[in-house]
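Visitor: I'm new to this one. Could you show it to me and walk me through a few spots?

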Protein chains: 2
Amino acid sequence: MTGKPVLAAAFTLAFVCHAEEGMWTFDNPPSKAIQEKYNFALTPQWLEHVRLSSVRLNDGGSGSFVSPHGLLLTNHHVARGQLQKNSSAARDFIKDGFYARTEAEEMKSPDLEVNVLVSLEDVTARVQDALKNATTPEAAFAARREIIARIGREGQEATKLRSDVVTLYQGGEYWLYRYKRYTDVRLVFAPEEQAAFYGGDPDNFTYPRYDLDMALFRVYENGKPLETAQYLKWNPKGAADGDLVFVSGHPGSTSRLHTLAQLESQRDSSLPSLLKLINSRLDVLGKYSALGAEQSRQASDQVFSLENSRKAILGQLKGLRDEQVMAAKRADEERFKAAVNERPEMRDAYGSAWDDIAAAESKAVTRTKEQYFHGMASTLADLSRQIVEYVAEIKKPDGQRLPGYHDSQLESTRLEMFSPAPIYPEFEIARMTGALALDLAELGPDDPFVKTILEGRTPAAAADTLIKGSRLADPAVRKQLVEGGETAVAASTDSLIVLARRLDPQRREYRKWMEDNVQSVEARAGEKIGKARFAVFGKTTYPDATFTLRLSYGQVKGYPMNGTVAPPETTFYGLYDRAASFNYKGPFALSSRFLENRGKLELRTAFNFVTTNDIIGGNSGSPIISKEGEIVGLVFDGNIESLVGDFVYEPTANRTVAVHTAAMTEALRKLYGAQKLLDELLVGKAGK
Amino acid sequence: MTGKPVLAAAFTLAFVCHAEEGMWTFDNPPSKAIQEKYNFALTPQWLEHVRLSSVRLNDGGSGSFVSPHGLLLTNHHVARGQLQKNSSAARDFIKDGFYARTEAEEMKSPDLEVNVLVSLEDVTARVQDALKNATTPEAAFAARREIIARIGREGQEATKLRSDVVTLYQGGEYWLYRYKRYTDVRLVFAPEEQAAFYGGDPDNFTYPRYDLDMALFRVYENGKPLETAQYLKWNPKGAADGDLVFVSGHPGSTSRLHTLAQLESQRDSSLPSLLKLINSRLDVLGKYSALGAEQSRQASDQVFSLENSRKAILGQLKGLRDEQVMAAKRADEERFKAAVNERPEMRDAYGSAWDDIAAAESKAVTRTKEQYFHGMASTLADLSRQIVEYVAEIKKPDGQRLPGYHDSQLESTRLEMFSPAPIYPEFEIARMTGALALDLAELGPDDPFVKTILEGRTPAAAADTLIKGSRLADPAVRKQLVEGGETAVAASTDSLIVLARRLDPQRREYRKWMEDNVQSVEARAGEKIGKARFAVFGKTTYPDATFTLRLSYGQVKGYPMNGTVAPPETTFYGLYDRAASFNYKGPFALSSRFLENRGKLELRTAFNFVTTNDIIGGNSGSPIISKEGEIVGLVFDGNIESLVGDFVYEPTANRTVAVHTAAMTEALRKLYGAQKLLDELLVGKAGK
């Protein structure tokens, strides 16, 4: 077996990336392609500055520093969770927006964690070394968990930095990523939702678009605004048609390197189940919202998030059900396998991996229902599960704990568990009732999980008793239990803790079964495929997204759409057009701010724009960066044509959708009276 | 065999129309469906008024009277041909638009004919009676031609009205349509093309749209403006979301009742050939246009028309290549045939029709190349052919003449032949050179048609000699030849007349072969299917479009588009958005009038809008009519989703695209200073 790429020439169609394709790790940027197509040289300095200016938010998005005083730009829809948690019946920051005119008014986020990737270290050899004596998938699985926990723990101990081991190329590589971690993150500015999420669910994932989907936080350190040289200068002119631009952010997850068997079970099993779950949840939330304005406010964030997921999943399913997409995937896999099987030593080492995965997927499908329909849709129930697990797990050696409970992860887990964000009992009851009804419908009354929870009661009666019998809504109670350890948890008579104790063995059984039958097999097979990929093609591609920092490049560019062409950018004119076109109704209504201050705006200002950058969910809030390393836009979406991007990058019409800095500048100045904020952004540009 | 519908219940899917589907003849309007869905009763008075207010233009479009003084509203793109013919190197009415501020300035159209349908008479029995003794398809074909010519001639002699026999339901019915004919039609108003055809070819057949695609003619009678009570009152408020609206116009041609064999040969043979032809013509026109501004002006109308056709054909091909569309068509046909074959007497009478058509199509395909690649792309060559045919045909008994030369058609044919519209020799040479090169490439040098024309010369040399050797550009020369009859034509040494004489036998052979082998067979089989359709389903459907007057109903309604929803209407805001979005470039540039007068416009005025009405090419210029019988919009397009409408009506997204009367009112008043015209339109409304 050789380490050198073989057969690459024969595989140009399959594995040489399309121009602009790829979510590249910072250790392996596509410098050559960029140099060739755009005559631009990525320097180590440029890359480092961009990396250190980029942030990950634990709410599932990305962002960037945009001033020397810790100002952090992300999307409104990434900040949404924190806005919701800070809102109440009396003040609705999602609906009304927020602007802190002074530092004192800046609003603390209950449980937001911000990470900056400060170093990357290849630990593949160390992980592989630890696995070399494992003869079964199960043994390898345990050894892998152990070594990954150890590397993370040692990293953290040595540097005090959050230290995560990241699996890339399905196990072809392992990297230690170290993050500077910030948890004092205060909201500075967010527009009203009607401006940030203009067009609502219909326009979500589409373009042309007119969304001011932005929010500004300020990161504090030791109680003071973070002073930093690592931020992106604000370019108020923004990007123009044809410009080369970069996106630095945290794409969450893709399945581009998955095997056909994995894609097929996504298509036939996981995604349809997930869709059923989401539709059921949305149905429940819709009924709850209909009860009144306050109920609607409480449910709003989850409605937003589930509608977003539903649309994304529908797009993914459309892609997986597209015979052309699948035929291309099938052809790619066949050619890859043929290349492996052609050389006896590769065939012996890796040849079985595809069949192993197919067999594991077949097994997994037998328990798909449990995976999706053993849910309780309750924040309190989730917390009870976490508490019961926490006290048990931390007593074990680090290397044997469940994910989330390793030493290197405990700080983040505790931030989550002890969040002071409000929890609404009636909302909890409504959601849990709906979830239990779905579980019962899908699995029947004799399913052990269903039986344990319902104990013969109706879903509504069970939910009512369980939520009303619990005091976990109080963070102090949760802290007490956690600090009291196993004894306190064992003695607790809190209804949800009691239930979580009874469900714990079932959950562990399911998890263990999945580890032994699916995860361990797929991890081992994935590693083989990862190695085979390097052996056959060399490191000419990028790994699937893993919610870690990636760089993508592309250009501002319209695309063929619905018989005509979509423009590279939109303008404020278009917002007023769309509103009037729908007679100012529903998701197309204008906020009073936009209605009343139209005369102040230069209507031809660029509002949203599209680029060919390759992104995916998790990239929300990523900066769009010019060659000069300035921020020229803010990623907030992909177009509908990009939803197949989970599996394949389609260069003709796949587009990143972003807010233009010109629009943000114009709006902050003329609609929000936020001149002070602009001064900070623009002084930043001058390089204060 | 029974005349009563049978089996209708079993065929609900196939033959009961979708809501809003159908281009209905005025003798059989869908009154019941409209009453049921919209609670609106179509009265005979309403229908008559709408019919007499509707006009057909011989340039291939529709229109309506909109004032008591003969003002006729149609599309800019329908008026385009006349604008082109009145333009010169010195004045370009397409580019600059036109407005006659006084009656004296109104500009005579060279060869525009306007028809108003004044009566309809069912002549099915008379035609069928004339065919009853014909034992072969050929004999039936001759008898049919003879009786149709006779009915037309008698109709015209009796009433002095243009009298056409129209074949409906593929020969299931024959009707005598009598038209009042106007040929003194003067241009009153047309906007600049950049406003009328905003977005150009990219936006053509799409929506959202921002086109002021309107033109106003005035019809004169005896040298004076036509005074008429039959006109549609102008409603400046226009249509609103959800309104019930009607379209009365002249859809050109559809293939919804065609057999699968016919659709397949369209898909596999005719349309691909036509597309190749159009692409070649456009290529030639592009090169000619590149020579200079004047060349570009000369070619502009043909470029417009061919690009329009290309986009329509691409849409049709997409429909025919859509396996779902074809599967539905196949299923419909199978069920229809099964119903026919179930009853022995129907099977004997009609059962063979589908196979007969399939056999004829197979034959036709053998000569498709000649059909499409025996073209010369020259106006002068067309005229030479017409002159040579004319003098021969009119000597024959009326019933035996070629189409276009029957007594009832001669007036219109002569209007065309003697048109004073300018003909540009260099343009003729360029087009003919391109066409002959294509013919040569497709059929080879030994093809008799190619051989006769080229005589061993290159296409360029032949075209140069032929055009330069002809004086047919002068209408007086054409008139002389026609009036000199066969003797004058036989004696002519005009290069194109000489050539046309030599080509005449070849053309007659081809035409005869097509008549004997294809048209006669399909006409006879079509009649059988038409009769079978009535026998099986009753007269519950509408006939395919035949460029005769039809009524469609529908409502103003957005539709699902590209992941979101298209609005029911657009506004002037959207025009300014689209222009700025493309940086005011190319087809998205704004005319200086729109750029400079933006401040005068109420930007939220409805501009274009969409309705569910079922239309097709030929409907361009049709009025959109309210329940009150007022004009609320002007049809100018179908959306991209409607292009499959040639074969099937798809209710979800098939939309008619129209100019809103509010936009026309706003533009006439504020951009064009045409208050006088508006006064006439609005006084009309008051019922002067």
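Guide: Let's start in helix H22 of chain A (residues 495–537), where A:Ser520 sits; helices here are DSSP runs of H or I with at least four residues, strands are E runs of at least two, and both are numbered from the N terminus. This is a predicted model, where local features need pLDDT of at least 70, side-chain atom pairs count only at pLDDT 80 or more, and totals for chains, interfaces and linings use all residues. Residues are numbered from 1 along each chain as its sequence is written, chains are lettered from A and ligands numbered from 1 in the order written, and side-chain values use heavy atoms, leaving out hydrogens and water.

Visitor: Is A:Ser520 buried or exposed?

Guide: Buried means under 20% relative accessible area, exposed over 50%, and partly exposed in between (1.4 Å probe, protein chains only). A:Ser520 has a relative accessible area of 0%, so the label is buried.

Visitor: Which residue's backbone oxygen lies 3.1 Å from the side chain of A:Ser520?

Guide: Leaving out residues up to four places away in sequence, A:Ser520 touches A:Pro137, A:Glu138, A:Phe141 and A:Glu515, where contact means heavy atoms within 4.5 Å. The backbone oxygen lying 3.1 Å from a polar atom of the A:Ser520 side chain is that of A:Asp516.

Visitor: And what backbone nitrogen does the side chain of A:Asn608 reach?

Guide: A:Asn608 belongs to strand S17 (residues 606–611) of chain A. Its relative accessibility is 0%, so A:Asn608 counts as buried. At 3.2 Å, its side chain reaches the backbone nitrogen of A:Tyr210.

Key. Polar contact = N/O pair within 3.5 Å; in protein donor to acceptor, adjacent residues only side chain to side chain.
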